[in-house]
Amino acid sequence: MSLEPEAPAPGYVTVCELEELQAGRGKRLQVGDRWLAVFLVDGTVYAIDDLCPHSGGPLSEGTVDGRRVICSWHYATFDLASGERLDSISRYDVDTYPVVVRDGRVWVKPEESVGEGPVGGDARTVDDETSERTT
Ligand code: FES
């Protein structure tokens, strides 16, 4: 019997325990060769690329304002759920990734960018025990 927790669906990897996330603050996590910024905002966990598409600043160190993150380098603002840029500083949106929270563990599917998805449609609330999207 394996002690490793079972992934909620193919392609998901566990990145941290939910209790490691601080509400309103980003956490930088490496998944394979990619760095992600993971946020807990109002009970929902979001995962985006840590690399700001403007000039490469660390979005995990950005300021969280509601469901937005403001890059600490030149203040580009992105929606945490959709990755959409919310001003003209960056010419590009930031990639976002599906998240599942199960049994206190945060899972991310890093190979499936959902940056073009509907706002709020791809993040997982903490009490969402299922692994499939509802929207
Ligand atoms: S690097 Fe993020 S706004 Fe410039």
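Among contacts in the protein chain between residues at least 6 apart in sequence, what percentage join residues at least 24 apart? The figure is 48%. I should say at once that the model under discussion is a predicted one.

Let me begin with the overall make-up. The protein chain contains eleven strands and zero helices. Read from the N terminus, its elements therefore follow the pattern β-β-β-β-β-β-β-β-β-β-β. The chain has 135 residues, and 36% of them count as buried.

I turn next to one sheet. Three strands make up an open sheet, in the order β1-β10-β9, with antiparallel pairing. Why is one side of β1 and of β9 left without a neighbour in this sheet? The reason is that β1, residues 13-17, and β9, residues 99-102, stand at the edges, and each has a single partner strand. From one strand to the next, the twist averages 30°. As general background, the strands of a sheet pair through backbone hydrogen bonds, in either a parallel or an antiparallel manner.

Within this sheet, please look at β9 and β10. Strand β10 covers residues 105-108, and four bridges join β9 to this antiparallel strand. One particular pairing may be followed on the structure: R102 has R105, in β10, as its bridge partner. Together β9 and β10 form a hairpin, with two residues between them.

The turn of that hairpin brings us to backbone angles. In general, most residues other than glycine have a negative phi. D103, which lies in the loop between β9 and β10, is not a glycine, yet its phi is positive, at about 50°. Is D103 buried or exposed? D103 counts as exposed, because it has 11 C-beta neighbours inside 10 Å, and the limit for that class is 12 or fewer.

A second residue may be described in similar terms. D42 is found in the loop between β3 and β4. D42, also a residue other than glycine, has a positive phi near 50°. D42 is exposed, since 10 other C-beta atoms lie within 10 Å.

Finally, I come to the interior. The largest nonpolar core has 30 residues, and those touching the most other members are L36, V38, Y46, V99 and V108. Which strands each supply at least two residues of this core? They are β3 (34-41), β4 (44-49), β9 and β10. The largest share, six residues, comes from β3. The hairpin strands β9 and β10 thus appear twice in this account: they are joined by four bridges, and each supplies at least two residues of the core.

How values were computed:
Residues are numbered from 1 along each chain as its sequence is written. This is a predicted model: local features need pLDDT of at least 70, side-chain atom pairs count only at pLDDT 80 or more; totals for chains, interfaces and linings use all residues. Two strands pair if DSSP finds at least two bridges between them. Axes are lines fitted to C-alpha atoms, for helices over the stretch in contact, and angles run from 0 to 180 degrees between N-to-C directions. A nonpolar core is a set of buried Ala, Val, Leu, Ile, Met, Phe, Trp, Tyr and Cys residues joined through C-beta atoms within 7 Å. A residue is buried if 20 or more other C-beta atoms lie within 10 Å of its own, exposed if 12 or fewer, and partly exposed in between; C-beta atoms are placed from the backbone. Two residues are in contact if their C-beta atoms, placed from the backbone, lie within 7 Å.
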